[in-house]
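Work through the following exercises with the sequence and the coordinates side by side. Each task is followed by a solution that proceeds step by step.

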Amino acid sequence: MAGARPGVTPGRPPALFPLFAGVETLPGVGPRAAETLAQMGVTRLRDLVLTLPHSGIRRRPIARLADARPPEIVTVAITVQRHSPPTAKGRPWRVHCSDGSADLLLVFFHARKDWIEGQLPTGARRLVSGKVELFDGMAQMVHPDHIGAEGAVPPPEFEPVYPLSGRLTQGVMQKAVGAAMGRLPQAGEWIDASVLAREGWPTWAEALARAHAPASPAGLSPTDPARARLAYDELFAHQLTLALMRRDRRRRAGLVTRGDGHLRDKVLAGLPWPPTGAQTRAVEEIAGDMAAPHRMNRLLQGDVGAGKTLVAFLALLVAVEAGGQGVLMAPTEILARQHFRALEPLARLAGIRLEALTGRDKGDARANILADLAQGRIDILVGTHAVIQKSVAFDDLRLAVIDEQHRFGVNQRMELGAKGGHQPPDMLVMTATPIPRSLALAQFGDMDLSVLDEKPAGRQPIRTTALSDARMAEVVAHLGRALADGARAYWVCPLVEESEAIDLTAAEARFQELRAQFGARVRLVHGQMPVEERDAAMADFAAGRAGILVATTVIEVGVDVPEATIMVIERAESFGLAQLHQLRGRVGRGSGASSCLLMYHEPLSETGRRRLTILRETEDGFRIAEEDLAMRGAGDVIGTAQSGLPRFRIADLERQAGLMALARKDAQSFLERDPAMESERGAAVRLLLWLMEQDRAIRLIAAG
């Protein structure tokens with residue numbers, strides 16, 4: 001690969017050809033087994049050697065049957081005495097055996113006569129392994145796992161168990177893995193020597209051999225040296241790809257956008273209190289990136305209520321100060337309109353023109369916005385997916401801000417990036433969901449990171465309590481008293497079986513009950529409502545014409561009514577931790593004391609109880625995110641379908657977070673020392689990238 005022409009991706013190294021052969025080339029893997037393996041995502045030998053056992057079986061070798069402790073899996077030598085074929089349909093075939101002092105009955109259902117008599121001929125000595133149980137005082141073994149001649153190699157005392165699908169058996173899987181392991185290539189070492197020595201890890205081939213033949217349950221743990229090393233290989237290849245992408249982006253020319261601060265100063269002078277240190281630091285980082293000659297790609301991560309919107313607006317003002325335009329794209333119409341309303345007073349302070357564009361805008365109003373945008377008469381545009389339509393053109397787009405990044409696909413981000421004409425605009429991605437560090441490195445490792453870890457002045461702590469829904473009447477009565485004192489409350493309805501239709505029914509039923517109690521002061525908001533009705537209900541609640549807003553999770557992110565001080569979440573145990581934290585964050589946004597009531601339904605599971613306890617203990621979104629990751633797993637925390645998380649076969653992001661940070665550091669220092677990958681280690685690293693199918697990295701290396 002060292003001499004590749006720019007833009008030409010060289011072929012896979014011949015050393016890896018055997019591992020990229022189909023599984024059907026292995027002995028004992030016929031078309032049916034190959035088809036079943038494919039259902040597990042295993043089509044080549046490479047996939048097979050990277051599919052490790054997920055559990056194991058202890059088989060205790062015993063010298064005589066009297067030593068067995070039923071129910072227990074044992075390996076023992078016995079003599080076959082006689083066969084008792086089934087006496088009726090559906091009855092088992094029994095084989096009477098003895099070790100000379102005690103008896104054992106081997107039991108088989110649906111066994112063929114020729115097979116069973118061939119395996120266990122009368123008078124023969126056999127080594128059998130399986131679970132010994134007592135039935136009517138008699139020791140029996142139903143369907144032994146292993147039957148062999150007395151002198152045969154016994155099964156291992158700890159036998160690995162692989163994940164299976166369809167009618168695939170452990171025997172076929174073990175034989176296939178053994179054959180695939182015989183085709184491993186000779187490979188140089190791609191891990192830094194100091195890391196390898198410090199961690200005490202084996203070589204790649206040794207690690208695979210040990211991981212496929214663990215000697216005890218400890219060999220299945222992510223902390224086992226063999227497994228940790230194989231996980232690190234995956235994480236290192238992934239982080240190397242992200243480092244190469246980052247290097248590639250930094251090499252590309254970007255727009256140099258340097259603001260003079262005059263618009264930002266106007267806004268800051270008009271704020272009721274100064275920005276936090278974290279907000280100031282984030283704006284400086286973003287402005288520094290925008291002034292640099294390469295394209296910015298930065299993630300702004302902040303906890304609920306940390307003030308991301310102000311940071312985003314000040315960043316957009318940098319673009320306007322430099323004579324350009326900015327755009328803020330939000331995933332839903334509610335959120336886009338919310339941003340527009342929140343930014344309007346700030347735009348007035350700055351004396352600039354701010355407009356909104358969503359799918360709802362039609363006819364002349366839309367045509368006028370598009371014309372003014374193309375002529376540069378609009379400084380900042382706020383909108384939904386509508387802003388990436390082909391008809392939307394900017395005069396000089398300098399900065400694109402994407403809110404709630406995980407709700408947009410990569411293609412949508414690229415389409416927005418293409419709106420800058422010849423030079424793509426700088427990109428700032430925001431998320432209100434605090435992400436554990438290991439996931440941030442996996443998902444956003446090619447981005448620079450700004451974190452808002454302080455709350456703006458004036459924010460009150462939120463009192464959080466948990467209560468059984470058996471006390472619903474008390475809650476409603478308390479709500480009535482609060483309403484009489486002028487309070488405003490959200491009432492979030494449960495998430496039922498991930499079904500929008502059922503969620504809706506639950507929300508509408510609760511709305512009718514509260515409406516019967518409190519009359520016209522109650523409004524309903526859900527995702528299936530016409531946009532106009534939804535906006536009207538939100539506007540009534542924001543203006544104080546309504547005191548209770550009954551809602552589904554459509555209000556989870558971004559809804560900002562500082563006067564709302566009560567949050568009731570029904571069936572709180574059915575929500576994820578991060579989602580509960582987001583919902584709670586809709587209150588406590590003003591100067592009034594706020595409370596959040598988590599209503600649960602008995603009996604409460606251990607997981608549900610732990611979730612509610614954590615919520616009561618802390619408002620720190622980053623701690624909550626780490627707990628959520630430990631409880632639910634990476635895919636669920638970010639949302640599997642849109643997570644953008646890489647799929648690792650061995651690495652476990654929840655339990656090996658430290659390895660991800662180590663891999664990132666190693667990848668960056670390796671590229672600094674050997675940017676062209678021309679050293680001996682560089683050649684091994686290239687092999688690893690091919691092995692882990694990091695095609696994007698390979699293309700970037702090939703392009704120089």
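**Exercise 1.** Locate His-339 in this predicted model, decide whether His-339 is buried or exposed, and list its contacts with residues distant in sequence.

*Solution.* Begin with the secondary structure, where His-339 is found in helix α11, which covers residues 333-350. Next take the relative accessibility, which is 7% for His-339; since buried means under 20%, the residue counts as buried. Finally, leaving aside residues up to four places away in sequence, His-339 touches Thr-309, Leu-328, Ala-330, Val-382 and Asp-403.

**Exercise 2.** Establish the strand order and the pairing sense of the sheet that contains β12 and β16, and determine which strands stand at its edges.

*Solution.* Following the pairings across the sheet gives an open arrangement of 7 strands in the order β12-β13-β11-β14-β15-β10-β16, with parallel pairing. The edges are formed by β12 (354-357) and β16 (448-452), each of which has a single partner strand, so one side of each is left without a neighbour in the sheet. Between neighbouring strands of this sheet the average turn is 20 degrees, direction ignored. At the β16 edge, the partner is β10 (residues 297-302), and the two strands pair in the parallel sense over 5 bridges; within this pairing, Leu-299 has Leu-449 of β16 as its bridge partner. Towards the other edge, helix α12 (residues 363-374) lies across β11 (325-329), β12 and β13 (380-383), and runs at about 130 degrees to β12.

**Exercise 3.** Test whether the length of helix α23 agrees with the expected rise per residue, and then describe how far α23 is covered.

*Solution.* Helix α23 has 12 residues (residues 680-691), and at 1.5 Å a residue it should span 16 Å; the end C-alpha atoms are 17 Å apart, which agrees. As for its surroundings, α23 is mostly covered, with 10 of its 12 residues buried, among them Arg-681, Arg-686 and Trp-690. After the helix comes Glu-693, which has a positive phi near 55 degrees.

**Exercise 4.** Characterise the environment of Gln-694 in the loop between α23 and α24.

*Solution.* Gln-694 belongs to the loop that joins α23 to α24 (695-702), and with a relative accessibility of 17% it counts as buried. Its side chain makes a polar contact of 2.8 Å with the side chain of Thr-241. When residues up to four places away in sequence are not counted, Gln-694 touches Ala-237, His-238, Thr-241 and Leu-689.

**Exercise 5.** Classify the ring pairs Tyr-232 with Phe-236 and Tyr-490 with Phe-541, and place each pair in the secondary structure.

*Solution.* A search of the whole structure yields 5 aromatic pairs. For Tyr-232 and Phe-236, the ring centres are 6.1 Å apart and the planes stand at 5 degrees, so the pair is stacked. Both residues lie in helix α7 (residues 225-251), 4 residues apart, or about one turn of the helix, and both Tyr-232 and Phe-236 are buried. For Tyr-490 and Phe-541, the centres are 5.0 Å apart and the planes are at 55 degrees, so this pair is tilted. Tyr-490 lies in strand β18 (residues 488-492) and Phe-541 in helix α17 (residues 531-543), so the pair ties together parts that are 51 residues apart in sequence; Tyr-490 and Phe-541 are both buried. As a last step, ring pairs link Trp-201, Tyr-232 and Phe-236 into a cluster.

Notes: Residues numbered from 1 in each chain as written. Predicted model: local features only at pLDDT ≥ 70, side-chain atom pairs only at ≥ 80, totals over all residues. Heavy atoms only, no water. Expected span 1.5 Å × (residues − 1). Buried < 20%, exposed > 50% of the residue type's maximum accessible area, 1.4 Å probe, protein only. Pairing = 2+ DSSP bridges. Axes fitted to C-alpha atoms, helices over the stretch in contact; angles between N-to-C directions. Contact = heavy atoms within 4.5 Å. Polar contact = N/O pair within 3.5 Å; in protein donor to acceptor, adjacent residues only side chain to side chain. Phe/Tyr/Trp six-rings, centres within 6.5 Å; stacked < 30°, edge-to-face > 60°.
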